Amino acid sequence: MSGLGRLFGRGKKEKGPTPEEAIQKLKETEKILIKKQEFLEQKIQQELQMAKKHGIKNKRAALQALRRKKRLEQQLAQTDGTLSTLEFQREAIENATTNAEVLRTMELAAQGMKKAYQDMDIDKVDELMADITEQQEVAQQISDAISRPVGFGDVVDEDELLEELEELEQEELARDLLTVGDKEEEPPTELPSVPSAHLPAGPAPEADEDEEALKQLAEWVS
């Protein structure tokens, strides 16, 4: 560019379209090319039918139709290639737009996280957690004190109660041993021997029965 062009500002870079504008323009151009594809395909079929119609009857007209058909096919191939290129560009811009939006979202998230932690540091967090732990211990001690049974001022030593119980058990055991010893020293009780005399078989007067019973008892004792 000449010096005059730079002097009058012709070298100033124009502002380019936004990604959304570029995508919209590409879509519009794609629609135009698709319509051109349809038109060329119809013309190709028409020229082919024209060549078949003339055939051998009008060879010159048939050849001209085939030449036009060939040129149309070349234009169709170029249109197909151009359409593919535009589709590739549009997809690339759409992907770039999506990536840019993702990056902006990630940047906003990072800024939000930074703002959320701007008034915090690890030392303050450690102090806070230590304070929470201490308060939990105090709360547990208070809960234990409240739940402890109250004996109206009487403090009972658990060890003394256990010692007293052990003494009672020892006394009971000694008493049982003495009782067993006394039972072993007592002589066994002798049962009276069975009398060898036979009792009268027939019924006897009541006085005679009493006298006989006294007599047998006297024999057992002697």
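## Close-up views of a helical model

E30 and R90 are both buried, where buried means under 20% relative accessible area, exposed means over 50%, and partly exposed is anything in between (1.4 Å probe, protein chains only). The model in these views is predicted, so local features need pLDDT of at least 70 and side-chain atom pairs count only at pLDDT 80 or more, whereas totals for chains, interfaces and linings use all residues. Residues are numbered from 1 along each chain as its sequence is written, and side-chain values use heavy atoms, with hydrogens and water left out.

**View 1. The whole protein, helix after helix.** Reading along the sequence gives the pattern α-α-α-α-α-α, with six helices and zero strands in total. Helices here are DSSP runs of H or I with at least four residues, strands are E runs of at least two, and the numbering starts at the N terminus. Of the 222 residues, 9% count as buried. The protein exposes about 20100 Å², and carbon and sulfur atoms supply 57% of that; the areas come from the Shrake-Rupley method with a 1.4 Å probe, and for residues only the protein chains shown count as cover. Take contacts (heavy atoms within 4.5 Å) between residues at least 6 apart in sequence: 73% of them join residues at least 24 apart.

**View 2. How far to trust the model.** The mean pLDDT is 79, and 72% of the residues reach 70 or more; pLDDT is the predictor's confidence in each residue, on a scale from 0 to 100. Residues 1–5 have pLDDT below 50, and beyond near neighbours in sequence this stretch has five contacts in the model. Where pLDDT is low, the predicted coordinates should not be read in detail.

**View 3. E30 and R90, a salt bridge between helices α2 and α3.** Their closest N and O atoms sit 2.8 Å apart. To count as a salt bridge, a side-chain nitrogen of Lys or Arg has to be within 4 Å of a carboxyl oxygen of Asp or Glu. E30 belongs to α2 (residues 19–54) and R90 to α3 (residues 59–116), so the pair links distant parts of the chain, 60 residues apart. E94 joins in too: E30, R90 and E94 are linked in a network of salt bridges. A search of the whole structure finds six salt bridges.

**View 4. Helices α2 and α3 cover each other's buried residues.** α2 has 36 residues and reaches 52 Å from its first C-alpha to its last, close to the 52 Å expected at 1.5 Å a residue. For α3, with 58 residues, the expected span is 86 Å, and the end C-alpha atoms are 85 Å apart, which agrees. The expected span is 1.5 Å times one less than the number of residues. Buried residues of α2 include I23, L26, L33, L40 and I44. On α3, the buried set includes A61, A65, L72, L76 and L86. Just after α2 comes G55, with a positive phi near 50°.

**View 5. Q37, a buried residue of α2.** Q37 counts as buried at 13% relative accessibility. Leaving out residues up to four places away in sequence, Q37 touches L76, T79, D80 and L83. Three of these names, L76, T79 and L83, also appear among the buried residues of α3.

**View 6. E73 and K69, a salt bridge inside helix α3.** The side chains meet at 2.5 Å, N to O. The two residues are four apart in the helix, so about one helical turn separates them. K69 is buried, with a relative accessible area of 16%, while E73 is partly exposed at 28%.

**View 7. E172 and R175, a salt bridge in helix α5.** Here the closest N and O atoms are 2.7 Å apart. α5 covers residues 158–185, and the partners are three residues apart in it, so about one helical turn lies between them. E172 is partly exposed, with a relative accessible area of 40%; R175 is partly exposed as well, at 45%.

**View 8. A nonpolar surface patch of about 820 Å².** M113, Y117, M120, I122, V125, L128, M129 and I132 make the patch. Patch residues have over 30% relative accessible area and no salt bridge; like charges are joined within 9 Å, and nonpolar side chains (Val, Leu, Ile, Met, Phe, Trp, Tyr) within 5 Å. Helix α4 (residues 122–147) gives the most, with five residues. V125 sits in α4 and counts as partly exposed at 35% relative accessibility.
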